[in-house]
Amino acid sequence: MTDDTLIAIKPEIAATARVTAERRAAMVQAAASDPDGFWRQEASRIAWMKTPTKIKNTDFTGDVSIKWFEDGELNASVSCLDRHLEAGRGDQVAILWEGDDPNADSKTTYAELHAQVCRVANALRALGVKKGDRVCIYLPMIVEAAVAMLACARIGAVHSIVFGGFSPDSLASRIQDSECSVLLTADEGRRGGRKVPLKANADEALKTCPSIRHVLVVRNTGTQVAMQEGRDLWWHEAAEAQPATCEPERMNAEDPLFILYTSGSTGKPKGVLHTTGGYMVWASFTHELVFDYRPGEIYWCTADVGWVTGHTYIVYGPLANGATTLMFEGVPNYPDSGRMWQVVDKHQVNIFYTAPTAIRALMREGEGPVKKHSRKSLRVLGSVGEPINPEAWLWYYRVVGDERCPIVDTWWQTETGGILISPLPGAVAQKPGSATLPLPGVFPALVDGDGKVLEGATEGNLVITDSWPGQMRSIYGDHARFAQTYFSTFPGKYFTGDGARRDADGYWWITGRVDDVINVAGHRMGTAEVESALVAHPKVAEAAVVGMPHDIKGQGIYAYVTLVAGEEPTEALRKELVAWVRKEIGPIATPDAIQWAPGLPKTRSGKIMRRILRKIAANETDSLGDTSTLADPAVVTELVENRVS
Ligand code: WTA
């Protein structure tokens, strides 16, 4: 694919789009020349109890301080619920739920969702949860997950969702870090025809979580689970006992809305903190612009609420905009690989948003399962989570969208709260594999290793030079780490951790992480996390983990393991280590390859040269580069010879 492959905006799309090229240009101009005026205007898209008069107050230097709409007051759940009821849309479907089992589905209207949220909010208050308290959510993809989020928002509690695929250990460390007082979970989850033992995992985790006073348990599959007297309550019993209205807490725009843990290049996952006003404005703004969302449309984002995409584009963004959001419990290939398109037809989905890894997996099954379904309702297709290769982009465009639907390749991060770089369907011509152009109010730049800003068509480290409302505000409990992680590499600029290229047309191509973070099937992971899981095994002396190219997952996990002296590298031990990592972190961290490494390539000062390990894992052994600074260059020869293929 070359930089000149341009897929023009179709006239029929431009004719009806909410944002045309001219309108976009005007917005880009206004957001740059008068940010206060522009965002004051955009803030009116959400409901305020007190309209903000101060708009932007941000500083990327020193301690780093980011404030938007700082004297405004609001409650996120009111923007997502109450005002739609006031506008007479209470009977519209808010959440269209599709089960893992193709025969299971449900519809929840805005009025019903409001009532459920209020009951659970009251139940949480009755358990003593107050504004500012942290509540952990460990739920499968069921309507209660959205109810739980909005119920927390209603009473000003800060939710911290932990993906249902994480292990008890991972759940425990996240609960401990933010000292959650209540956990919301279910007996079991369902995924691809299998059961996930959430309550049992939670019980295991809670052995080391003294901050948890109560657990609310959704009866989902109905399986028998242990209920601890005095601590555990059934969700339905607690909710039914409460009234269906609940006074929303008045929140300052800069009061926290949620914490979401994500992986960095070092140490344990960090609690990314988002606040209320700016995040809600960004969620609503980007959901409407990027998907060209129109009232009455059926919108489906296939992410899990355990990830940021689920937060912003299943719950907060679409509900703020009064959309019907489809929530899917299952997986793309169950019961067969036509499931996505079967669901699209069944619910007449207009906007569909998924990850490249899913597209690549379905592409491998051929066109048959796609063509069996009509897909006529589809209007816009989105991609998120990792770079989409041009082949997968074109397949998505031609086969899934019949060359009719624009593709929005949306680049963003947990830290950014919402989409930053993406085409707008009626305003930006697309290039397969490029996230195209920044949204109005987003100021990306490329810098070299010394922080020098690079101009023109070039490649470098992707930074953002000024704040946008949806930006994270801090790392929970460690603001110094926030400033250090994101603003010290290139002082005064937000460093994304990604590399990117800008072509002659000014289009942005994200090339992937430049730090020790890998992206496995759209799941972000720190190599250091997998390494510490491995070295926690008694037979492992040392481990080094790198990403390797993987056809479906984008990246796979390649681990080099040095055993404790006297231990034999057997197939049984390899299997044991794979199972060990799954248990320590969760199935998403399953190593794809483990290579026994009698030694690792280290500099004379003892630093592991990961560049070389990445090359070996990628089978690019003829371009290992300079190895002369290694303490023992012979180590490399040994590793190359015993590479796992
Ligand atoms: C990668 C997910 C290329 C990127 C929303 C980023 C992408 C990391 C894209 C954030 C895209 C996400 N093209 N790369 N369209 N979208 N990424 O925090 O490396 O789970 O830094 O947020 O995913 O992952 P996270």
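Start by selecting Lys607: with 58% relative accessibility, this lysine counts as exposed, because the cut-off for that label is over 50%. Keep in mind as you look around that the model is predicted. Lys607 sits in the loop that links β31 (593–596) to α19 (610–617). Show its contacts next: leaving aside residues up to four places away in sequence, Lys607 touches Pro601 and Lys602. An unreviewed UniProt entry marks Lys607 with the feature "modified residue: N6-acetyllysine".

Now head for the interior and pick Tyr316. Which residues does Tyr316 touch, not counting those up to four places away in sequence? Select Ala76, Cys80, Met149, Leu150, Ala153 and His159, then add Leu257, Phe258, Tyr279, Met280, Ala283 and His311.

Add Leu124 to your view: within the largest nonpolar core, which has 163 residues, Leu124 and Tyr316 touch the most other members. Color helix α6 (residues 143–155) as well, since you will want to see what supplies the largest share of this core: α6 gives eleven residues. Apart from this core there is another one, made of 29 residues, including Trp300, Met340, Val349 and Tyr396.

For the last stop, select residues 26–80. UniProt, again in an unreviewed entry, annotates this span as "domain: Acetyl-coenzyme A synthetase N-terminal". Put a distance label between the C-alpha atoms at the two ends of residues 26–80 and you should read 28 Å. In a cartoon view, 38% of the span is helix and 18% is strand. Two of the contacts of Tyr316 that you selected earlier, Ala76 and Cys80, belong to this annotated stretch, residues 26–80.

How values were computed. Residues numbered from 1 in each chain as written. Predicted model: local features only at pLDDT ≥ 70, side-chain atom pairs only at ≥ 80, totals over all residues. Heavy atoms only, no water. Core = buried A, V, L, I, M, F, W, Y, C linked by side-chain atoms within 4.5 Å. Buried < 20%, exposed > 50% of the residue type's maximum accessible area, 1.4 Å probe, protein only. Helix = DSSP H or I, 4+ residues; strand = E, 2+ residues; numbered from the N terminus. Contact = heavy atoms within 4.5 Å. UniProt positions renumbered as here; feature names shortened; annotations may be inferred.
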